[in-house]
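Me: I'm new to protein structures and would love a close look at one single part of this one. Could you pick a residue, describe its surroundings, and then walk me outward from there?

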Amino acid sequence: MLYLLSKLGDSYEVLELPAGGSRVGDFLALKDGTGDRSLILQAVDISYLRVPGELEEIIRMARASNVSIDSQSDELFEQLREEIMDSKVLRCKVRGSLTDSSFTGNALWAPSRMSSTVVRLPVREIMDTVANGKSVPFPIGMLLDDDSDFFIDLADLDGSLTLILGRKGAGKSTLAKAVMKGLVKSGAKCVVLDINNEYMPRSQDPRFVRLDPGRSLTFELRTIPKGAFMSLLEDLMDLPQTSLLEISRVWDRLEASGRLSFEGLRKEILFSKMNEYVKDALTRRLEVISASGIINDQPADVDVVSELRRTGGRCLSVFLRGLPSIFKKLVIELVMKNIVQAMERGQLEPMFLFAEEAHIYQGMSFWEDIVTRMRHLGVSLLFVTNEPTSLSNFIYRQADSVFLFNYSNDSDLGFLARVTQVDSESLTSFVRGLPDLCCLAVGKACSGLPVLFRVHQDDGFSGGGTKLFFRGRLAHLPKSSLPG
Amino acid sequence: MTRHTQVEILLSERIINLPFISGLREREDLYRTEPSDVIVNNEPETYDILPLDNSAKKVPVVAVDCSNVQLGCGGGFSYEAARAAMVTRTPKGRVQVTKIGPLVAKSPVNQGSILYALEAFAQGLAVEQVKDGIVLLDGSLPPNNTLYRVRRGTKVVDLSKTIPPQDIKDEAYGFPPEPFVLIRRPSNSCLVRLSRGGFVLMGKVFSSEPEEMQSTFSSLAVSDALDMGYPETLKLAHIFSKILPTEGLSAKIAIMRKHGVRLFDPLDGRKLLLGSMWG
């Protein structure tokens, strides 16, 4: 049974006597005595009821553990004593109110303490009430309160900025893959900047395309806009202004004569008269680009824009593992420039971009620029990272939905509490204790209510997961050979 | 002057000499004292100090204690909960606790307590259970109790939790630091130190023979675990008999569920009339 105990600020305390199976994250409906309105509460912490004499009781229990005890007392009395000692106090936050089955995210009233009743509210029930139906429902995991399927509306990710955060091994990629798979099944186009080469299904599926920079993913110099190439040399390869001016002239000359090619550019620089230092700087940088195989004079095997224009769901995974940092930047720069250009020209449908550990291969200003223009371009961004501080405050402020996996580090939790839309008490309480693959969803994807769920694990992908040296070996070792 | 020559009033001279105070001091009933384990009189007192024998035989020890709480009033009756605890320690060191209660008594308001009846019952039960051992009581044996006529060679020892002034330096009163028993004549009450450095306790063995008292305390000292000189069985009996607030609350709810009686705290006239600050 649940009873309203007290209210302090936006927190309510609810007594659970006798103690049941309440968990952090559970929703409760605090029904006012009038019966037509309820406050929706969510348990953010569970503590024991403070009763006079509890310390003495506990000390006595400790003493009792060493001796044998024969108790001649009333059964009901003993049962009640245990219930009182075990009773729990649920500290709850108000998440909104229901008036005549209509949900609002705030409440400006407090229920009667004497005549109100508290009942447990299954997450599924409250989500159904709040969400008012889903246009593209997708089962993403199981709710922690009753193990029923948790559906998100994929349409809620459309045109939105979504963050997937958690320490390593907590299940971020598992969730990202599940979302990506759901999007592709629903006919959406996705591009994954795949830092660990893990977003490809094991079984052959033509909807999933692997892009290996330098092999299946190359760019013909002729198709690259001059501005993009110049910015590549300037921003990524730190080419000085003088050298930049020189190569710009060469580029214009070749383009005007219809001889623009990567080899032509190299030769022109090599044999033209210019300052030796400038020539050397340009030659070395073109050598690096040539060695990567990313830019050449061959027509590309796979054209990113053409692939994305095919009908039906499609996911292009840009494999970045093993690439030197500069090439990662180069590839992302070129891929994104192509995509953005095509979108600006209206050649591409809105698409979803998954960026794993985005800070590794591009600066935050690059991403902030995309985030600023994402709605107009038609790009829905999903950032996946284990380092919450790697994303800027600007990105957190723009985030529509956040999926948070386990963090136990105080500074990470403190940072997240400042930048996400969840109050710090709820966030710390929920996230600190989350087991692997369990996640807190907040924001648009769960209709504004913080929901805890376990991600469905999909073994159909080629990579991911933690590889362990001892996992296979320990099973075969005799126990006597193990230390200790 | 009072009839208790040992009583010293620890007030400043200025207050004592105020006219109305000095007038009151002449009234003998002003200094009524609660019944005490220590019988104070003016007869000359003698005493023997005997050392305890640390090679005494180990015997079973059973300690008994009781406690009660007033649960409240309801329907013109007063409700009280009382519990007894018996703690047995065998010579091998095994400890067994038996809790009796809480018993809840319903009685007309201000009509006494079931505590004493329960205590006498538990003490009798303890004496029945033990053979050639020691029954330890918590300074609660009334003078007219017949418990000391025990069977099967068991001794009854009554130890009070009211401790006499402790001689920290072991000089002023001449208490030795080693375990001892001081037997006072003619009252036969004792002061006893059961362990080296432990508190000196007031107690009584129901025997008139000094040697028997000495051997009983010696057996107790080696048979029970001692905590600051106080027997652990007696401490456990106190711990397990005490009715804690959670249990008082449980008993109240149990009465409500079983008998439909809702209990209230009795009215506190002083607090009602004088207010919470002065009441």
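Reply:
**A close look at one residue**

Setting aside the neighbours within four places in sequence, A:Asp26 is in contact with A:Ala43, A:Arg120 and A:Asp145. Please keep in mind that this is a predicted model. A:Asp26 sits in the loop between β2 (11-16) and β3 (27-31) of chain A. Is A:Asp26 buried or exposed? A:Asp26 has 23 C-beta neighbours inside 10 Å, so this residue counts as buried; the cut-off for that label is 20 or more. The fold also brings A:Asp26 and A:Gln42 to 5.6 Å from each other, C-alpha to C-alpha, although 16 residues separate them in sequence.

Now let's step back to the whole chain. Chain A has 16 helices and 21 strands. Of its 484 residues, 37% count as buried, and A:Asp26 is one that does. Contacts across long stretches of sequence matter for the picture here: among contacts in chain A between residues at least 6 apart in sequence, 74% join residues at least 24 apart. As for overall dimensions, the C-alpha trace of chain A spans about 105 × 65 × 40 Å along its principal axes. Its radius of gyration is 29 Å, while a compact globule of 484 residues would have one near 23 Å.

How is chain A divided up? The domain assignment gives domain 1 (2-131), domain 2 (149-217 + 301-472) and domain 3 (220-296). The C-alpha centres of domain 2 and domain 3 of chain A are 34 Å apart. Where these two domains of chain A meet, 10 residues of domain 2 are in contact with eight residues of domain 3. The domain 2 side of that meeting place has six nonpolar, one polar and three charged residues.

Next, let's look at a sheet in chain A. It is an open sheet of 11 strands in the order β10-β9-β21-β20-β19-β11-β18-β17-β12-β16-β13, with mixed pairing. At its edges are β10 (149-153) and β13 (208-211) of chain A, each pairing on one side only. From one strand to the next, the twist averages 25°. For one pair inside it, follow β12 (residues 189-194) and β16 (residues 314-319) of chain A: these strands run parallel and are joined by six bridges. Within that pair, A:Lys189 stands opposite A:Arg314 in β16(A). Helix α4 (residues 172-185) of chain A lies across several strands, including β12, β16 and β18 (379-385) of chain A, and runs at about 160° to β18(A).

Chain A also meets chain B. How many residues of each chain are involved? There are 22 residues of chain A in contact with 22 residues of chain B. On the chain A side, the elements giving two or more residues are α1 (54-64), β5 (68-72) and α2 (75-86). The most come from α2(A), which gives six residues. By class, the chain A side divides into nine nonpolar, five polar and eight charged residues.

One of those elements, β5(A), does something you can trace by eye. Five bridges join β5(A) to strand β4 (residues 95-108) of chain B, and the two run parallel. Look for A:Ile69, which stands opposite B:Val97 in β4(B).

This pairing belongs to an open sheet of 10 strands, in the order β5(A)-β4(B)-β3(B)-β2(B)-β5(B)-β6(B)-β9(B)-β8(B)-β7(B)-β1(B), with mixed pairing. Why is one side of β5(A) and of β1 (46-51) of chain B left without a neighbour in the sheet? Both stand at the edges, and each has a single partner strand, so one side of each is left free of a neighbour there. Neighbouring strands of this sheet are turned by 25° against each other on average, direction ignored.

At the β1(B) end, six bridges join β1(B) to strand β7 (residues 180-185) of chain B, and these two run antiparallel. There, B:Asp48 stands opposite B:Ile183 in β7(B). Helices pack on this sheet too. Helix α3 (residues 115-129) of chain B lies across β2 (61-74), β3 (77-89), β4 and β5 (134-137) of chain B, at about 160° to β2(B). Helix α6 (residues 245-259) of chain B touches β2, β3 and β4 of chain B, and its direction makes about 55° with that of β2(B).

Finally, a helix to set beside your starting residue: α5 (residues 232-241) of chain B is mostly covered, with eight of its 10 residues buried. Among them are B:Leu234, B:Ala237 and B:Phe240.

Methods
Residues numbered from 1 in each chain as written. Chains lettered and ligands numbered in written order. Predicted model: local features only at pLDDT ≥ 70, side-chain atom pairs only at ≥ 80, totals over all residues. Contact = placed C-beta atoms within 7 Å. Helix = DSSP H or I, 4+ residues; strand = E, 2+ residues; numbered from the N terminus. Nonpolar A, V, L, I, M, F, W, Y, C, P; charged D, E, K, R; others polar. Pairing = 2+ DSSP bridges. Domains from an automatic or database assignment. Rg over C-alpha atoms; globule rule 2.2 N^0.38 Å. Buried ≥ 20, exposed ≤ 12 C-beta atoms within 10 Å, placed from the backbone. Axes fitted to C-alpha atoms, helices over the stretch in contact; angles between N-to-C directions.
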